[in-house]
Amino acid sequence: MSVFRVMRQDDNGNRFLVAGGLERAEAERLAAEFEARGHKQLYWVEAEPEAADGRRPTTS
């Protein structure tokens with residue numbers, strides 16, 4: 001099962017983790033919610049990377 005995260009890029013090109021450990025539908029909903037607020041930042045959903053041992057990094 002894939003795990004997804006929502007990322008944000010600000011006006012200066014800095015990228016930040018907004019939320020992680022989500023199912024795809026929840027991540028897409030959250031990204032759309034932030035996009036709808038009309039800020040200049042860019043939001044997107046991506047699969048969380050998998051570590052070499054098959055585990056996913058934890059997010060807090």
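1. Glu33 has a relative accessibility of 33%, so it counts as partly exposed. In this predicted model, the side chain of Glu33 meets that of Arg37 in a salt bridge, with 3.2 Å from N to O. Arg37, at a relative accessible area of 49%, is partly exposed as well. This value falls just short of the exposed class, because that class starts over 50%. The salt bridge is part of a wider arrangement: bridges with shared partners join Glu26, Arg29, Glu33 and Arg37 into one network.

2. Within that network, Arg29 and Glu26 form a salt bridge of 2.7 Å, N to O. Both residues belong to helix 1 and stand three residues apart, about one turn of the helix. Arg29 is partly exposed, with a relative accessible area of 41%. Glu26 is also in the partly exposed class, at 34%.

3. Another salt bridge in helix 1 links Arg24 and Glu28, whose closest N and O atoms are 3.7 Å apart. The cut-off for a salt bridge is 4 Å, so this pair qualifies. Arg24 and Glu28 are four residues apart in helix 1, again about one turn of the helix. Arg24 counts as partly exposed at 46% relative accessibility, and Glu28 is partly exposed with 37%. The structure as a whole holds five salt bridges.

4. Now the helix itself. Helix 1 covers residues 24-36, which makes 13 residues. From its first C-alpha to its last it reaches 18 Å, close to the 18 Å expected at 1.5 Å a residue. Just after helix 1 comes Gly38, which takes a positive phi of about 80°.

5. Which residues of helix 1 are buried? They are Ala27, Leu30, Ala31 and Phe34. These residues cover an arc of only 100° around the axis, and therefore sit on the same side of helix 1. The face turned away from this buried side carries the exposed residues Ala25 and Ala36. A student can follow this on the structure by looking along the helix axis.

6. What do the buried residues of helix 1 pack against? Their partners are strand 1 (4-9), strand 2 (15-22) and strand 3 (42-47). Ala27 gives one example: leaving aside neighbours within four places in sequence, Ala27 is in contact with Phe4, Val6, Leu22 and Val45.

7. The largest nonpolar core has ten residues: Phe4, Val6, Ala19, Leu22, Ala27, Leu30, Ala31, Phe34, Tyr43 and Val45. Strand 1, strand 2, helix 1 and strand 3 each give two or more residues to this core. Helix 1 gives the most, with four residues.

8. The count of aromatic pairs comes to one. The rings of Phe34 and Tyr43 have centres 5.1 Å apart and planes at 15°, so the pair is stacked. The angle decides the label, because planes under 30 degrees apart count as stacked. Phe34 has 17% relative accessibility and Tyr43 has 11%, so both count as buried. Both residues also appear in the list for the largest nonpolar core.

9. Leu42 deserves a separate look. This residue is found in strand 3. Is Leu42 buried or partly exposed? At 45% relative accessibility, Leu42 counts as partly exposed. Not counting residues up to four places away in sequence, Leu42 touches Met7, Arg8, Gln9 and Glu35. Leu42 and Gly13 are 29 residues apart in sequence, and their C-alpha atoms are 9.5 Å apart in space.

10. Last, the protein chain as a whole. Its secondary structure comes to one helix and three strands, which follow the pattern β-β-α-β along the sequence. Of its 60 residues, 23% count as buried. Among contacts between residues at least 6 apart in sequence, 48% join residues at least 24 apart. The contacts of Ala27 with Phe4, Val6, Leu22 and Val45 show how the helix meets other parts of the chain.

Notes
Residues numbered from 1 in each chain as written. Predicted model: local features only at pLDDT ≥ 70, side-chain atom pairs only at ≥ 80, totals over all residues. Heavy atoms only, no water. Expected span 1.5 Å × (residues − 1). Buried < 20%, exposed > 50% of the residue type's maximum accessible area, 1.4 Å probe, protein only. Arc of directions from axis to C-beta. Contact = heavy atoms within 4.5 Å. Core = buried A, V, L, I, M, F, W, Y, C linked by side-chain atoms within 4.5 Å. Phe/Tyr/Trp six-rings, centres within 6.5 Å; stacked < 30°, edge-to-face > 60°.
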